[in-house]
Amino acid sequence: NAPLSGDGSVRSEVLAARQRGVIFDIGHGMASFCVSVARQMLENGFQPDTISSDVHTLCIDGPAFDLPVTMSKFLSLGMPLPDIIRATTRAPALAVRRDDLGRLAAGAVGDASILRVEHGTFDYVDGNEQTFEGDRRIVAVGSVVGGRLWRPT
């Protein structure tokens, strides 16, 4: 969790790793997400390649909760929504060499999440118990699996 140098810039080793093809993922879980580091990385133009939640029994009740909450944290930090969607769909599919996943197109798997962006005031917490506020959140409102619509009751 130290991708930044003392002056706040992205470490040269991190930049060199990306150039070599290393994929940088946010696997939030209990830790692996520090809001101050994420903010500085984004300010340096270094977005995560993929965003995942690493949700397990120790973090499902916080700080990670679920993937939409992890996505919302990046939305609140200023990462553009299309980039967040790409980092949670197409980019991970390509990382595991599954061109048939992570896209909506003829011949591709048609499963999809239905998301809504809500506006308001939302509190978030990182892996260091540091809290921050956002003005938007991403909420899962349904999914399409095997061509069938599912919505929570």
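Let's start at Gly29, which touches Ser53, Asp54, His56, Cys59, Pro63 and Ala64, leaving aside residues up to four places away in sequence; a contact here means heavy atoms within 4.5 Å. Gly29 sits in the loop between β1 and α2. Gly29 is buried, with a relative accessible area of 0%. For that word, buried is under 20% relative accessible area, exposed is over 50%, and partly exposed is in between, using a 1.4 Å probe and protein chains only. Going the other way, the C-alpha atoms of Gly29 and Asp99, 70 residues apart along the chain, are separated by 26 Å.

A word on what you're looking at. This is a predicted model, where local features need pLDDT of at least 70, side-chain atom pairs count only at pLDDT 80 or more, and totals for chains, interfaces and linings use all residues. Residues are numbered from 1 along each chain as its sequence is written, and side-chain values use heavy atoms, with hydrogens and water left out.

Two of the partners of Gly29 deserve a second look. Asp54 is in the loop between β2 and α3, and its phi is near 50°, a positive value in a residue other than glycine. Asp54 is partly exposed, at 44% relative accessible area. Pro63 belongs to the loop between β2 and α3 too, and the peptide bond from Gly62 to Pro63 is cis, with omega near 10°. Then there's Phe65, again in the loop between β2 and α3. Phe65 has a positive phi for a residue other than glycine, near 65°, and with a relative accessible area of 36% it is partly exposed.

Now let's zoom out to the fold. We have 5 helices and 5 strands, with helices (H or I, at least four residues) and strands (E, at least two) taken as DSSP runs and numbered from the N terminus. From that end, the order is α-β-α-β-α-α-α-β-β-β. The radius of gyration is 16 Å, close to the 15 Å that the globule rule gives for 153 residues, so the protein is as compact as a globular protein of that length. That radius is taken over C-alpha atoms, and the rule is 2.2 Å times the number of residues to the power 0.38. Along its principal axes, the C-alpha trace spans about 50 × 35 × 30 Å. Of the 153 residues, 35% count as buried. Among contacts with a separation of 6 or more, 60% are between residues 24 or more positions apart.

Which helix is largely enclosed by the rest of the structure? That's α3, residues 67-76, and the description fits because 9 of its 10 residues are buried. Among the buried ones are Pro68, Met71, Lys73 and Phe74. The cover over the buried residues of α3 includes β1, α2, β2, α4 (81-88), β3 (112-125) and β4.

Phe74 brings us to the aromatics, because it joins Phe33, Tyr124 and Phe132 in one aromatic cluster. The structure holds 4 aromatic pairs. Rings of Phe, Tyr and Trp (its six-membered ring) pair if their centres lie within 6.5 Å, and planes under 30 degrees apart count as stacked, over 60 as edge-to-face and the rest as tilted.

Take Phe24 and Phe46: the ring centres are 5.2 Å apart and the planes are at 80°, so this pair is edge-to-face. The pair links distant parts of the chain, 22 residues apart, with Phe24 in the loop between α1 (12-19) and β1 (25-27) and Phe46 in the loop between α2 (35-43) and β2 (50-52). Phe24 is partly exposed at 22% relative accessibility, while Phe46 is buried at 7%.

And how do the rings of Phe33 and Phe132 meet? Their centres lie 6.4 Å apart and their planes are at 45°, so the pair is tilted. Phe33 is in the loop between β1 and α2 and Phe132 is in strand β4 (residues 131-145), so the pair ties together parts that are 99 residues apart in sequence. Phe33 is buried at 2% relative accessibility, and Phe132 is buried at 8%.

One last stop, Ala91, in helix α5 (residues 90-95). Not counting residues up to four places away in sequence, Ala91 touches Asp49, Thr50 and Arg86. Ala91 and Leu101 are 10 residues apart in sequence, and 9.7 Å apart in space from C-alpha to C-alpha. Thanks, everyone!
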